[in-house]
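Student: Please take a close look at the salt bridges in this predicted model. Which side chains pair, and where do they sit?

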Amino acid sequence: MKCLICRREFFPKRTLRTLFVEEPVFKCYGCDRKYDIHPRVSVLPIQNYQLYLISLNLDEKVSDLAFLHEMNVILEDLLRKTKKTDTILWIDEFTEALYQELEKLDYGNIYVISVRQPIFLV
Ligand SMILES: [Zn+2]
């Protein structure tokens, strides 16, 4: 496999338990240790509900495709915990204009997974 960050070839570790399990791996072990993500959750008020902004704080020069496994874990966790009326969005960058548009919605809580940290909240 080819690492999506450093572009080097690597071979995922296999054990007897994972020998016949196909699990996609997008980054090598070196990049996995170097680019560890630390999601930050911000709660913003919207009309009658709340907007939960989960930003992954990824570096601009790193491909977000390399972190699909981590994003999948966050998404599965959200799907288990949220109600059917809640909305989940997955976007590259959360802007102030988008926040102003989402503020007008009155459907339920909104969960936004953002790849980059929004500048207006820093
Ligand atoms: Zn790598």
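Tutor: Start with Asp77 and Arg80, whose side chains form a salt bridge with an N to O distance of 3.5 Å. Both residues belong to helix H2, and since they are three residues apart there, about one helical turn separates them. Asp77 is partly exposed, at a relative accessible area of 26%, whereas Arg80 is exposed, at 63%.

Helix H2, which spans residues 68-81, also holds Glu70. The side chain of Glu70 meets that of Lys27 in a salt bridge, at 2.7 Å from N to O. Lys27 lies in the segment before helix H1 (29-34), so this pair ties together parts that are 43 residues apart in sequence. With a relative accessible area of 8%, Lys27 is buried; the cut-off for that class is under 20%. The pair of Glu70 and Lys27 does not stand alone, because a network of salt bridges links Lys27, Asp32 and Glu70.

A further salt bridge joins Arg14 and Glu22, and the closest N and O atoms of this pair are 3.8 Å apart. That distance still counts, because the limit is within 4 Å. Glu22 is exposed, at 69% relative accessible area, while Arg14 is partly exposed, at 39%.

In general, side chains of opposite charge can pair when their charged atoms come close. By the distance rule, the model has six salt bridges, including the Asp77 and Arg80 pair in helix H2.

How values were computed. Residues numbered from 1 in each chain as written. Predicted model: local features only at pLDDT ≥ 70, side-chain atom pairs only at ≥ 80, totals over all residues. Heavy atoms only, no water. Buried < 20%, exposed > 50% of the residue type's maximum accessible area, 1.4 Å probe, protein only. Helix = DSSP H or I, 4+ residues; strand = E, 2+ residues; numbered from the N terminus.
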